[in-house]
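Subject: Structure for you to look at

Hello,

Here is the structure I said I would pass on. Please open it and keep it in view while you read the notes that follow.

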Amino acid sequence: MKFGILGTYLILPGQNYYINAPKQRNLMAVLTVNENVLIPVERLAQEVWHGEPPPSATNLIRQYVFRLRRSLPPAVSRTIVTGPGGYKLRLTRGDVDSHLFDANVVRGRAAFAAGRLEDAVRALSEALAAWRGDPLADVDPSPSILAETRRLGERRLLAIEMRADAYLRLGWYDEAVEELAALVTLHPERERLRDMQMRVLCRVGRRADALAVYRDLRQTLADGVGIEPGPELQRLHRRVLDGDPALSGPPDARRSTPARWSGSAYR
């Protein structure tokens, strides 16, 4: 692995080689998220200077590339390729930590769809372990950077949701309660999370807390967008009110996942 973007931007993440010059770091980050695509110098200038490049921007971009090639480790320097009117990073799968994250999410989704829930938990946990913080946290936002950070953020959320769903289906309720509480704090209007949170709280005998989750969502939606929860969540709320025994967990259900797969997805 040569590049780390699931946190601060790092070269050779195992060695944590850091580019101190902000513009050079921005330039390398833009090339990384546009891997194997030749980016014209003019577009690089727009990205690095947020749409307001100085008159000397094209020359500065070339100087930055020259300095980066001289200062970066050889294995990384060789990936910077000059093309007609621009530059690109020539990468293969696995050169960026997001590649490994994406691959493990794909494995986790396939296992989940096939009903291999323990395999899904394992793959999704491996995917989420790659994260060190907010993606490209030390890189100035630009169109390419914003697009990639949004993609990664949504994919991370879906991976955590899927793992929480797998916990719930497996009966590993302690982990599901913890994971969903953290997710709901970050995404209070997301109804799927509230649905799973209500179900797992019922499984562990916390019916009053499940009803409180619904009340909180209803107030959140009323204050934020002036709507009621959707019909599916309303039906679940009615089932909780009625004490539907189908929502209760079996008394012999395992409460916790094996320790090797546990751990928060938030760091």
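In which helix is Asp102 found? Asp102 is in helix α5, which covers residues 97–113. Before going further, please note that this is a predicted model, so every value below is computed from predicted atoms.

The chain as a whole

The chain has 267 residues, and 47% of them count as buried. Its secondary structure is made up of eleven helices and five strands. If you lay the C-alpha trace along its principal axes, it spans about 70 × 40 × 30 Å.

About 13000 Å² of the chain is exposed, and 51% of that area is supplied by carbon and sulfur atoms. There are 39 positive and 32 negative charges, and the mean positions of the two sets are 6 Å apart.

Contacts can also be sorted by how far apart the partners are in sequence. Taking contacts between residues at least 6 apart, 66% join residues that are at least 24 apart.

The largest pocket

The largest pocket has a volume of about 170 Å³. Twelve residues line this pocket, and Gly153, Arg156, Leu157, Leu186 and His187 are the closest to its centre. Two elements, α7 (143–170) and α8 (173–186), each give two or more residues to the lining. Which of the elements gives the most to that lining? The answer is α7, with five residues.

Two buried residues in helices

Back to Asp102 in α5. Is Asp102 buried or exposed? Its relative accessible area is 12%, and the cut-off for buried is under 20%, so Asp102 is buried. Leaving out residues up to four places away in sequence, Asp102 touches Arg151 and Arg155.

Val213 can be found in helix α10, residues 207–224. The relative accessibility of Val213 is 9%, so this residue also falls under the 20% cut-off and counts as buried. Which residues is Val213 in contact with, once neighbours within four places in sequence are set aside? They are Arg194, Gln197, Met198 and Leu201. For a distance to check on screen, take Val213 and Met162: they are 51 residues apart along the chain, and their C-alpha atoms are separated by 20 Å.

Two residues with positive phi

Most residues other than glycine have a negative phi. Asn36 is not a glycine, yet its phi is positive, near 65 degrees. Asn36 sits in the loop between α1 (22–33) and β3 (39–40). With a relative accessible area of 35%, Asn36 is partly exposed.

His50 has a positive phi as well, of about 55 degrees, and is not a glycine either. Where is His50 placed? His50 lies in the loop between α2 (41–48) and α3 (57–71). Its relative accessible area is 40%, which is between the 20% and 50% cut-offs, so His50 is partly exposed.

Two more loop residues

Asp140 belongs to the loop between α6 (117–128) and α7. At 33% relative accessible area, Asp140 is partly exposed. Not counting residues up to four places away in sequence, Asp140 touches Asn26, His50 and Ile145. His50 in that list is the residue with the positive phi of about 55 degrees. Asp140 and Gly224 are 84 residues apart along the chain, with 30 Å between their C-alpha atoms.

Asn20 is located in the loop between β2 (10–11) and α1. Why does Asn20 count as exposed? Its relative accessible area is 64%, and exposed means over 50%, so Asn20 is exposed. From Asn20 to Ala113 there are 93 residues in sequence and 44 Å in space, C-alpha to C-alpha.

If you want a place to begin, find Asp102 in α5, then look for its contacts Arg151 and Arg155. After that, go to the lining of the largest pocket, to which α7 gives five residues.

Regards

How values were computed:
Residues numbered from 1 in each chain as written. Predicted model: local features only at pLDDT ≥ 70, side-chain atom pairs only at ≥ 80, totals over all residues. Heavy atoms only, no water. Helix = DSSP H or I, 4+ residues; strand = E, 2+ residues; numbered from the N terminus. Buried < 20%, exposed > 50% of the residue type's maximum accessible area, 1.4 Å probe, protein only. Contact = heavy atoms within 4.5 Å. Areas by Shrake-Rupley, 256 points an atom, 1.4 Å probe, with all protein chains shown as cover. Lys, Arg positive; Asp, Glu negative; His and termini not counted. Charge placed at Lys NZ, Arg CZ, Asp CG, Glu CD. 1 Å grid on protein atoms, 1.4 Å probe; cavity = no way out; pocket = protein on both sides within 12 Å on 5 of 7 lines; lining within 4 Å. Points joined across faces, edges and corners; volume = space filled by probe spheres on them.
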